Amino acid sequence: MTDTHENSLTEQDDMNMERMDDSLQRIETLPRAGFWMRFWAYIIDLLIVGSISRLFIKPIFRLLDIPIDSSGILSPYTVIDSIVFFGYFFVMTLLFSQTLGKMVMGLHVISLTKEKLDWKTLLFREWIGRYISAFFLLGYIVVAFNPRKQGFHDMFSDTAVVLDEER
């Protein structure tokens with residue numbers, strides 16, 4: 001009985017491996033989003049996040065009589081603004097695999113190693129990876145020259161930005 005059980009497990013493992021190989025091959029053939037499409041999507045996202053800050057955060061700070069001095073990195077306004085910035089990218093990508101800017105441009109984020117994006121991957125991509133990419137600035141520009149069209153934050157988190165299949 002154990003031989004039959006072991007054989008069925010081996011067959012099931014083989015089928016799962018084949019499915020994963022097929023999935024990875026399909027992912028590699030998806031059209032990747034280039035630098036300019038990602039750039040314009042990011043500009044749209046910056047306008048949205050900036051609008052959220054100006055429409056909601058600043059009025060609340062003024063209402064509560066909290067100074068909006070953003071000169072220090074740890075000023076209350078800068079901290080809240082940063083949370084909104086990273087939260088926007090994290091939550092939108094977690095829920096929809098795309099931000100509003102990516103929706104407008106017809107792009108979405110995929111995992112290169114898993115079937116679905118998980119919160120750990122996105123936390124690393126959107127927080128740590130984006131910080132590193134922004135700090136070096138080349139982390140974003142490398143998308144234009146990388147044959148796989150990945151920024152540093154994509155490479156670190158095994159993700160890619162692809163064109164929507166409907167387009």
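## Strand pairing, helices and aromatic contacts in a predicted model

Strands E1 (residues 107-111) and E2 pair in the antiparallel sense over five bridges; two strands are taken to pair if DSSP finds at least two bridges between them. Val162 in E2 is the bridge partner of His108. Four of the five residues of E2 (residues 159-163) are buried, so this strand is largely enclosed by the rest of the structure. Buried denotes under 20% relative accessible area, exposed over 50%, and partly exposed the range in between (1.4 Å probe, protein chains only).

The model is predicted: local features need pLDDT of at least 70 and side-chain atom pairs count only at pLDDT 80 or more, while totals for chains, interfaces and linings use all residues. Residues are numbered from 1 along each chain as its sequence is written, and side-chain values use heavy atoms, with hydrogens and water left out.

**Overall organisation**

The chain contains seven helices and two strands, which follow the pattern α-α-α-α-β-α-α-α-β along the sequence. Helices (H or I, at least four residues) and strands (E, at least two) are DSSP runs, numbered from the N terminus. Of the 167 residues of the chain, 32% count as buried. Among contacts with a separation of 6 or more, 68% are accounted for by residues 24 or more positions apart; a contact means heavy atoms within 4.5 Å. The accessible surface of the chain is about 11,000 Å², and 66% of this belongs to carbon and sulfur atoms. Accessible areas come from the Shrake-Rupley method with a 1.4 Å probe; for residues, only the protein chains shown count as cover.

**Helices H2 and H3**

The expected span of a helix is 1.5 Å times one less than its number of residues. For the 29 residues of H2 this gives 42 Å, and the end C-alpha atoms are 41 Å apart, which agrees. H2 nevertheless bends by about 30 degrees at Arg54, the bend being the angle between axes fitted to the seven residues ending there and the seven starting there. The buried residues of H2 are Arg38, Ala41, Asp45, Val49, Gly50, Ser53, Ile57 and Phe61. An α-helix has 3.6 residues a turn, so residues three or four places apart point the same way. After H2 comes Asp65, whose phi is positive, near 60 degrees.

For the 21 residues of H3 the expected span is 30 Å, and the end C-alpha atoms are 30 Å apart, in agreement. Buried in H3 are Tyr77, Thr78, Phe85, Tyr88, Phe89, Met92 and Thr93. Just after H3, Ser97 takes a positive phi of about 60 degrees.

**Aromatic pairs**

Rings of Phe, Tyr and Trp (its six-membered ring) pair if their centres lie within 6.5 Å; planes under 30 degrees apart count as stacked, over 60 as edge-to-face and the rest as tilted. By this rule there are 11 aromatic pairs, including the two tabulated here.

| Pair | Geometry | Centre to centre | Angle between planes |
|---|---|---|---|
| Tyr42 and Phe89 | tilted | 5.9 Å | 35 degrees |
| Phe61 and Tyr77 | edge-to-face | 5.7 Å | 90 degrees |

The pair of Tyr42 in helix H2 (residues 35-63) and Phe89 in helix H3 (residues 76-96) links distant parts of the chain, 47 residues apart. Tyr42 is partly exposed at 24% relative accessibility, whereas Phe89 is buried at 0%. Phe61 lies in H2 and Tyr77 in H3, so their pair ties together parts that are 16 residues apart in sequence. Phe61 is buried at 7% relative accessibility, and Tyr77 is buried at 8%. Ring pairs also link Tyr42, Phe85, Phe86, Tyr88, Phe89 and Tyr140 into a cluster.
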